[in-house]
Amino acid sequence: AEMAAARLSGSENRLVSLPLSRIRVIMKSSPEVSSINQDALFLTAKATELFVQYLATYSYKHGRGKEKNALTYTDLSHTAEECETFQFLADILPKKILASKYLKMLEKEKQDGEVREDEDEEEEDEAVG
Amino acid sequence: MAERPEDLNLPNALLIQVEFVFQLPDGVNISKEARSAISRAASVFVLYATSCANNFAMKGKRKTLNAGDVLSAMEEMEFQRFVAPLKESLEVYRREQKGKKEARKDKDKKADSEEQDKSREEDNDDDDERMEEEEQNDEEEVDN
């Protein structure tokens, strides 16, 4: 009721702040989806807005970053890794590592050979699916 | 180098420019990187929710995703906390849509009677027509 009644100035005076047209484009990019009724489109947009708010405020609250008055990428990445609800984001919000560490990782992967790479690929498919 | 999931260039990332959407306390800054990451996360969320909702639609042997499918998807995805506020918003949305339809119909009626120059009776008699039209409109998928 609070959200519905919120009256803000100008373009903020809407029931949902995210553009339905853009949400629709993303939804339709899924090949298995035939059609979407208008209510479903609205709900998805509204849910996405709630999701963004949840992700941002949760990450801010639990962030262990150095900056206190900022929401940083690291905060988000932490959330994806540590909170089960947001685990589906882990792949797109990877932890940042030092370049030197990354290079060492690459070296190790090379040494481990073909087999390991195949295993990684399988894991990736599962995660995405 | 093996293809990494994080390299996936998500189509049409939702670029969220407006601050108030995030609902963070006053004075909190969002780094550019964080903003971009949230936009990508939002797109992933849409895809995940759509896929989930579609599963429910298919279970119900329907080809069109409906409101119930999306709500079921939220529960499935462990976002039960969204269900109540979503239902409330949906009610307001439906009322708004209905209001718009009425307004459009009144506008059309006016235009018609002016064009055709026929004398029309008052709203009462048009109730049957209106009900029929509403049924048709509920099924159509409206483009924005």
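Biologist: Which strand of chain A pairs with S1(B), and in what sense?
Modeller: In this predicted model, strand S2 of chain A, residues 70-71, pairs with S1(B) in the parallel sense, over two bridges.

Biologist: Which residue of chain A stands opposite B:Ile30?
Modeller: B:Ile30, which belongs to S1(B), has A:Leu71 standing opposite.

Biologist: How many residues of each chain are in contact across the interface?
Modeller: On chain B, 65 residues are in contact with 68 residues of chain A. The two chains bury about 6100 Å² between them, and 67% of that area is on carbon and sulfur atoms.

Biologist: And how many residue pairs are in polar contact there?
Modeller: The rule finds 14 such pairs across the interface of chain B and chain A, with both residues at pLDDT 80 or more.

Biologist: Which elements of chain B give two or more residues to that side?
Modeller: They are strand S1 (29-30), helix H1 (32-59), strand S2 (64-65), helix H2 (67-76) and helix H3 (83-116) of chain B. H1(B) gives the most, with 16 residues. By class, the side of chain B that touches chain A has 38 nonpolar, 14 polar and 13 charged residues.

Biologist: How many salt bridges are there between chain B and chain A?
Modeller: The count between these chains is two. In one salt bridge the side chains of A:Lys96 and B:Glu33 meet, at 3.2 Å from N to O. Over all chains, the count comes to seven salt bridges.

Biologist: Why does the pair of A:Lys96 and B:Glu33 join two chains?
Modeller: A:Lys96 lies in the loop between helix H4 (73-82) and helix H5 (99-112) of chain A, whereas B:Glu33 lies in helix H1 of chain B, so the pair joins two chains. Side chains of opposite charge can pair when their charged atoms come close.

Biologist: Changing topic, where is B:Glu76 found?
Modeller: B:Glu76 is found in helix H2 of chain B. Leaving aside neighbours within four places in sequence, B:Glu76 is in contact with B:Cys52 and B:Phe56. Its C-alpha atom is separated by 9.2 Å from that of B:Ala49, 27 residues apart along the chain.

Biologist: What does UniProt list for residues 25-74 of chain B?
Modeller: The unreviewed UniProt entry lists them as "domain: Transcription factor CBF/NF-Y/archaeal histone". In the model, this span is 72% helix and 8% strand, and its end C-alpha atoms lie 26 Å apart.

How values were computed
Residues numbered from 1 in each chain as written. Chains lettered and ligands numbered in written order. Predicted model: local features only at pLDDT ≥ 70, side-chain atom pairs only at ≥ 80, totals over all residues. Heavy atoms only, no water. Contact = heavy atoms within 4.5 Å. Buried area = accessible area lost by both parts, 1.4 Å probe. Salt bridge = Lys/Arg side-chain N within 4 Å of Asp/Glu carboxyl O. Polar contact = N/O pair within 3.5 Å; in protein donor to acceptor, adjacent residues only side chain to side chain. Helix = DSSP H or I, 4+ residues; strand = E, 2+ residues; numbered from the N terminus. Nonpolar A, V, L, I, M, F, W, Y, C, P; charged D, E, K, R; others polar. Pairing = 2+ DSSP bridges. UniProt positions renumbered as here; feature names shortened; annotations may be inferred.
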